[in-house]
2 protein chains.
Amino acid sequence: MARTGGRGGPTMKDVAREAGVSQAAVSLVLNDAAGSRVSSETRQRVLEAVDRLGYRVNSAAKSLREGQSRLIGFVGDTVASEPFAGDLVEGAQDQAWVDGHLMLIINTGGDPLIEERAIDSLLSRQVDGIVYASMYNRRLKIPPLLREVPTVVVNGTAEDGSLPSVAPDEYTGGLEATRHLVEHGHERVAFINIAPPESMLPAVVERERGFVDALTEAGLRVDRTLVKYGDGDAVAGHRLATRLLKRKRRPSAIFCGNDRTAWGAYLAAGELGLKVGTDVSVIGFDNMPVIAPHLRPGLTSMELPFAEMGRRGVARLLSGDTDPTVELLHCPLVTRGSVSRPAGPASGTAS
Amino acid sequence: MARTGGRGGPTMKDVAREAGVSQAAVSLVLNDAAGSRVSSETRQRVLEAVDRLGYRVNSAAKSLREGQSRLIGFVGDTVASEPFAGDLVEGAQDQAWVDGHLMLIINTGGDPLIEERAIDSLLSRQVDGIVYASMYNRRLKIPPLLREVPTVVVNGTAEDGSLPSVAPDEYTGGLEATRHLVEHGHERVAFINIAPPESMLPAVVERERGFVDALTEAGLRVDRTLVKYGDGDAVAGHRLATRLLKRKRRPSAIFCGNDRTAWGAYLAAGELGLKVGTDVSVIGFDNMPVIAPHLRPGLTSMELPFAEMGRRGVARLLSGDTDPTVELLHCPLVTRGSVSRPAGPASGTAS
DNA sequence: GCACCGCAGTTAAACGTATAACTCAGCAGG
DNA sequence: CCTGCTGAGTTATACGTTTAACTGCGGTGC
């Protein structure tokens, strides 16, 4: 109605005219300037005019003037491929929202060229910072452009250790998963890892280190023949678990490097007439919502703190925390029914 | 180096000075203005200067001047809760990128208050349009603020039919899933839907309509006792499939309203000594990547076109297609090993 | 010889905001 | 009475672009 130009809603000028003050006064009111520079009476008039006209600040103008955008960028190699990736995005966005920022998301598919162009567009949007996210925890080569803006690496670490990062504490995860089994009285514990250690992935190397340490601290011998390497798939889990469970002195518990592998172990156990949670204990990793709660019995699993990583990454970014330290986030244990005391003569007091 | 102010990189003014031309000339070069207004020699000098200084356009200034931001908003009730939700986001973002836009993402958790504030921030960012996404296909009440900007509803429809929308073609999905079974020779086909029809969800009502029509067009009687309603969970699938498969004239095939239900049916079949894909055929819906390929045999399932919905939604938005029509996207059939010809005397030519 | 045109730019204004610098009235202190 | 100060605004400028309007100038057409 009482609008000057054509496109876009009313501006401060319109509000000013409506309230009978200067445009600057409107700005002062709306930004609650240091000290009460305007009388509460004028303030009232301005706010009424704002309401009446449905005025909304133009953030392009504001950003231009202020030199910052209250925008952050989220650059990921894949937003969707992994089913839990959404949590990372959601956690990051939630935190950004809480801190008064909006989040621009770009997924690059891992293509370095797209990645460079993505960061470039973010920079030209004057983002206040960038979350550089990997969909699985690994050491990342950092695109040079990222040096131009505050950046936090999430679910990964900078190859050269030059950027702050937030990653899951795989070691402690492996440690506590194994401890959980040991505390239930298991002494022959197998481990089906998700890839061979040569892969150098933290998820592989660190969880295994945790596994070994947990057994060692409990005074148990680490039987190398009980450690297997699959590819993280249910098929591999099935195959390797079968092999383990067919041994004459079979393990009483299996730590699986992820939930899909654990699922395979369930199938193997079933085929061999063994009940998971009774005849053999199983613990997983990832706590995938579409798998772990649906298995019978429910799968006890270590949860990867994706949402929390997203939140912490953004929180560090916006707090200006630029120390290139690696923040490791705890992987909580989610217990369901798949772990119990070992059955048979091996356990506790003689029956 | 050759920079005027402090914050933020070099501006056009800096480039102009470096190249010995006016700032306007730089703009003309960089925007490849209609017709070659500048000599290729000057253009060269400018581009070199741009390179040398590492100039990058300030999009805040550009947006302010142009009145549009090349930004779109993505408002969803939950980005992560459903494992496939990421595909929706990814598809939308990919398409936005292709069309030269960046995407602001906000998840509201379904809270109408947050939703309103979210849309408000997007509007103040001058977004060129908004994708309003639901995480499951349903009829949505449209927040009034969305009327102020081009909007496309994705994975849902506007309650009052007032907005363009993109949704999965549930009916055809149900139709083709059932046809697939019928074409394999099944005549007694059961259906475990994911909720009772009273729920009014398109996924429930339309798939069932497709189921009925497919049987009818094949001249088969629809046996109402073979239609069951669960809650979409594996437990319900297990329970209902058990009941179905225990009947004396058991169905030779089960159409499951989603993959988790189908998983339950697998378990039920296993317990009853029936092999899926041999003794009983099963088809699912959703084609969940963490389930369908991992079941033994792999689960044949109808795929929900999430990524495609995201893409089409954005494409419509940016093409200025504002007809409030509902675009239904096909759900492709993904065949694995869970459907075959019915076993036993009931099938084909007498043994 | 002169009006006219296209080329290759330049100058200047605008987009909507935040804020430094200013104005102006009223009042206190000396 | 004059100075200085405070409160409540106003004026004017800058942020970095885009673009309409303008300027010179060398070449054409007649």
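A phosphate oxygen of DNA strand D is 3.2 Å from an N or O atom in the side chain of B:Lys62. This is a predicted model, in which local features need pLDDT of at least 70, side-chain atom pairs count only at pLDDT 80 or more, and totals for chains, interfaces and linings use all residues. Residues are numbered from 1 along each chain as its sequence is written, chains are lettered from A and ligands numbered from 1 in the order in which they are written, and side-chain values use heavy atoms, with hydrogens and water left out.

**DNA strand D**

- The protein places 30 residues around DNA strand D. A residue is near a strand if one of its heavy atoms lies within 4 Å of it.
- A:Ser22, A:Ser39, B:Gln23, B:Tyr55 and B:Arg65 come nearest.
- Of the strand D atoms within 4 Å of the protein, 55% belong to sugar and phosphate.
- Phosphate oxygens of strand D also lie 2.7 Å from a polar side-chain atom of A:Thr42 and 3.0 Å from a side-chain N or O atom of B:Asn31.
- Helix 2 (23-30) and helix 4 (59-66) of chain A, with helix 2 (23-30) and helix 4 (59-66) of chain B, each supply at least two residues of this surface. Helices (H or I, at least four residues) and strands (E, at least two) are DSSP runs, numbered from the N terminus.
- By class, the surface has 12 nonpolar, 10 polar and 8 charged residues. Ala, Val, Leu, Ile, Met, Phe, Trp, Tyr, Cys and Pro count as nonpolar, Asp, Glu, Lys and Arg as charged, and the others, Gly among them, as polar.

**DNA strand C**

- Around DNA strand C there are 27 residues, and A:Tyr55, A:Arg65, B:Ser22, B:Ser39 and B:Thr42 come nearest.
- Sugar or phosphate makes up 56% of the strand C atoms within 4 Å of the protein, and bases make up the rest.
- A polar side-chain atom of B:Thr42 lies 2.6 Å from a phosphate oxygen of strand C.
- Helix 4 of chain A gives the most to this surface, with 4 residues.
- The surface divides into 11 nonpolar, 9 polar and 7 charged residues.

**The two protein chains**

- A turn of 180° and a shift of 0.1 Å along the axis lay chain A on chain B with an RMSD of 0.1 Å. That is the relation of a two-fold axis. The superposition is by least squares on the C-alpha atoms of residues with pLDDT of at least 70 in both copies.
- 100% of the interface residues of chain A are also interface residues in chain B, so the copies meet through the same surface.

**A:Glu170**

- A:Glu170 is found in helix 7 (residues 170-183) of chain A.
- A:Glu170 counts as buried, at 3% relative accessibility. Buried means under 20% relative accessible area, exposed over 50%, partly exposed in between (1.4 Å probe, protein chains only).
- Beyond its neighbours within four places in sequence, A:Glu170 is in contact with residues including A:Asn137, A:Arg207 and A:Phe285. Contact means heavy atoms within 4.5 Å.

**A sheet in chain A**

- In chain A, 6 strands form an open sheet in the order 9-8-10-11-12-14, with mixed pairing. Two strands pair if DSSP finds at least two bridges between them.
- Strand 9 (227-229) and strand 14 (333-334) are the edge strands, each pairing on one side only.
- Strand 12 (residues 300-303) and strand 14 pair in the antiparallel sense over 2 bridges.
- A:Ser301 stands opposite A:Val334 in strand 14.

Note on methods:
A polar contact is a pair of N or O atoms within 3.5 Å; within protein, one must be able to donate a hydrogen and the other to accept it, and residues adjacent in sequence count only if both atoms are side-chain atoms.
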